[in-house]
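Trainee: I should be grateful for a close look at one part of this model, namely its salt bridges. Please treat the partners and their exposure together.

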Amino acid sequence: MPITIRHLSFTYSAGTPYEKKALENINLQINEGDFLGIIGHTGSGKSTFIQHINGLIKPQAGEIEIFDLKLTPEKRPKVNLKALRSSVGMVFQYPEYQLFADTVAKDVAFGPKNLGLPSEEVEKRVKQAIEMVGLDYEAVKDRAPFELSGGQKRRVAIAGIIAMQPKMLILDEPTAGLDPFGKEQILNLIKYLKTHCSPTIVVISHDIDEITRFANRIVVFNDSHIVYDEPMQQLFKHSRQLQKMGLDIPRAVKVVNSLRARGVDLGEDIVTAEDLIKAVVARYNEVHSTSLDENAGVFDMYDFSQKWLTTEERQMLEEESSSEEAPIDKSIKSSEVSEDSKK
Amino acid sequence: MAVVLENVTYSYNLDEMHRIDAVKNLSLRIKEGTFVALVGHNGSGKSTFAKLLNGLLLPTSGEVKIFGNSTLDGNKIYEIRKDVGMVFQNPDNQMIASIVEDDVAFGPENLGVEREEIKERVEWALSKVGMLEYRKHTPFKMSGGQKQRLAIAGVLAIKPKVLVLDESTAMLDPQGRSEVLKVAHELNREDGITVIHITHFMEEALDADRLIVMNDGQIAFDGKPREVFKHYEKLKEIKLAVPWETQMAISLKKVGLDMGSGIVNEEELVEKLCQLL
Amino acid sequence: MRDISFGQYYPVKSYVHNIDARIKILITLLYMVSVFFITSYTAFAGVFLFLTIVIAVSHVPYRTVLRSIKGLLFLLIFTAIINIFFTSSGNPLLQIKIGKLMINITDQGINFAVKMALRFSLLVLGSSILTFTTTPTELTDALEVLLKPLTYIKIPVHDLAIIMSIALRFIPGLMEETDKIMMAQKARGANLDSGNFFKKIKAMLPVLIPLFVSAFRRADELADALDARCYNASNKRTKMKVFKLKSTDLIAFFVFVAIVVLIFLDKYLVGAFVPSPDLGSFEVQGLDIFIYNLLLKIKVLIV
């Protein structure tokens, strides 16, 4: 069942000198199975928009239909927010800042418990969720979230949301502040969640190269309006307009545009690094009458096959190996996830 | 020498049993006027390195010298802090005052600089980072890039000889990152300020005079950026990646295209592809 | 989403906004003291008129200013009732018997109650004009200057001012953060506003803990930033900004002083020269005496 947003408008602090329009007449349909990317400047309204989808902000005008629920400006009938929040999971920016419990397991259990699930079910979901984000349940469940590394904390926070098993997952700047390797791991995780957890995913990001890695559709917010809503391959026909709005375009598109300006036209729908490799090799074969394999190119900036250990993790493992239990490498899990999703 | 580190080790005590060496027996010399990029993944020890430079952390063993003054010398600490201006990661947690010019004035006020000169410095620092028109504004509505440029102005007003950017681009969007980087390069070029830019984005090292790659508390690579990028396989092993364009050239080369070597930016990549296609 | 400043500051440009914050603080202090010396209804009316003009000049809507009284309405009514019930002087108008307790309501009691309510409203209105037209930063800076003499008795005025200004600087950020964390926990199904007091406190833990963690992290980072910018490097700290009085500030000050003088004249001078009418134990004060006499004359003329 799709999510339909009609004529949604929202103004902050209406009637005061601080009045600020955030959304104006937004119309959008999100279909089941969409992998939707949202881009736009800070203050373009995109954050306000996603807060509406989760019922965190009540619409001032217009309406939102989500699954079987309808959100309107009217006070009645009362919306079943619990039902809404169990079907739409929301991962905020820097989600690790909301961790509060003294153990990882307790923190992840917070959401499912709030849904009123029986305790066996809660426990089952917690285990599932922690493993799904690529952490080892037994190794981390009793640890304090604050002892973990930045990337791991973020994964625990995401586990806290997916333990509610939402049909739709919204992530606001999921990779912000991480180092490139950590970013890569989170991106792989999101792809993995699409197939194994929530079939519909919406991601907000500043980094267009990140969004093009997975999105099949991109919505562009500018100045409280939706200015573009296009399949990913089509959006960058508007490269010039996007750049005029101060938005970035993917590097592959930049290269293609520069090549075109110099008389080498590789075609329209090149967006990702892989697209570019294919197109370049195809053109090369044509020009030089060679038969290099167009599909042989891989754009592997990072190596996930290695066992990545921080000094801290190594220390922890040494400790564990001195006890009875077999040492478990938590990061092996994350590399499995990433390989899984690469397939 | 602007910065000299001699066999510096810094250890955190986790508890009585555990000690972690964030920086291990590091020796390093940085000449005045260089733009140094220091890259490493999270946990490689680069932030500890930054804090050792102005005495926010003191070495467990070894010595850090800034223009000959050791950070271990308690009498010199303010001189060192005057020489080494430091900008941190979070753009929201560095401003002290609510109005831009008051904040920039904070440093020189602490040093007891004369009023007229403070005014000059504030104006100079703000115009250096391109924020003079915002001098009467509050920072609340500014973008991350603008806030970080203000933070730079705040330390510039102290007239440092060395500017350390401690992951100051990590929390910014691509636009903010390039704004901050541009300002840092200008300060290096026009005012001869030594810049130590600590980051985990390899492409930000492109225009640096010198690239130092840290791993596990030690220096893994140290050289001209283009030279270091040649070791892309080894960089991968320490969770780092070469710039996108370099990777693109490598990927195409693996398929069988003659990409040559040494491509590090879009211009060079496009040039090469034009020759080939 | 919270904005530029918190508290009451109303961001428009006006003559009142423009007055030096030190002068505004002094005027407000003087005003608060002199409100207690207002005695006649005529003087009350005069001061109200003065406030009305000041508000008009400040471009802050009347509605917004009046809202500041709304929160205190209960207190206002409460003190008025206390005054009515427990003033025994004056000419009795009504006797109420509650059980064994006899309560006399006198004209003087009502007189006191009304005046107390008026005084109270004047206090709130007047001081809120200060907060509506002065940013918290201006207030701190001005206070630092005004309290400077206290450094001679070893009170660290500058450090206190830095603490104040950092607090002011971080409060909006922390409020925004609270909002964010609340939203995040609500998105996880947290029910933050139901149940009794203790349940509520418990339900707030998922908000309070991350908030504290974040506040400490900020404090840590800020401490580094302060150190990096040579905080405490020298005993001879200088200041970039000096408050310079403008002629308009002085004019504002003298206009106000004139009004204070009038208030005092009303209280102490008028009664000394003009005999007050004999109305039993009810007192007519200040310029009200003239008004009373005038009304009497009109009454006589009509009759």
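**Salt bridges within and between chains**

Mentor: In this predicted model, A:Arg251 counts as partly exposed, because its relative accessibility is 22% and the buried class requires a value under 20%. The side chain of A:Arg251 forms a salt bridge with that of B:Glu245, at 3.9 Å from N to O. A:Arg251 belongs to helix H11 (residues 251-261) of chain A, while B:Glu245 belongs to helix H9 (residues 244-255) of chain B, so the pair joins two chains. On the chain B side of this contact, B:Glu245 is buried, with a relative accessible area of 8%.

A further salt bridge lies within chain C, where the side chains of C:Asp249 and C:Lys246 meet at 3.4 Å, N to O. C:Asp249 has a relative accessible area of 0% and is therefore buried, whereas C:Lys246 is partly exposed at 32% relative accessibility. Returning to the pair between chains A and B, A:Arg251 and B:Glu245 belong to one network, in which salt bridges with shared partners also join A:Asp209, B:Arg177, B:Glu203 and B:Glu204.

Chain A also offers a pair within one helix: the side chains of A:Lys124 and A:Glu121 form a salt bridge at 3.8 Å, N to O. Both residues lie in helix H4 (residues 119-132) of chain A, three residues apart, which is about one turn of the helix. A:Glu121 is partly exposed, with a relative accessible area of 23%. Over all chains, the structure holds 48 salt bridges, among them the pairs A:Arg251 with B:Glu245, C:Asp249 with C:Lys246, and A:Lys124 with A:Glu121.

Terms used: Residues are numbered from 1 along each chain as its sequence is written. Chains are lettered from A and ligands numbered from 1 in the order in which they are written. This is a predicted model: local features need pLDDT of at least 70, side-chain atom pairs count only at pLDDT 80 or more; totals for chains, interfaces and linings use all residues. Side-chain values use heavy atoms; hydrogens and water are left out. A salt bridge is a side-chain nitrogen of Lys or Arg within 4 Å of a carboxyl oxygen of Asp or Glu. Helices (H or I, at least four residues) and strands (E, at least two) are DSSP runs, numbered from the N terminus. Buried means under 20% relative accessible area, exposed over 50%, partly exposed in between (1.4 Å probe, protein chains only).
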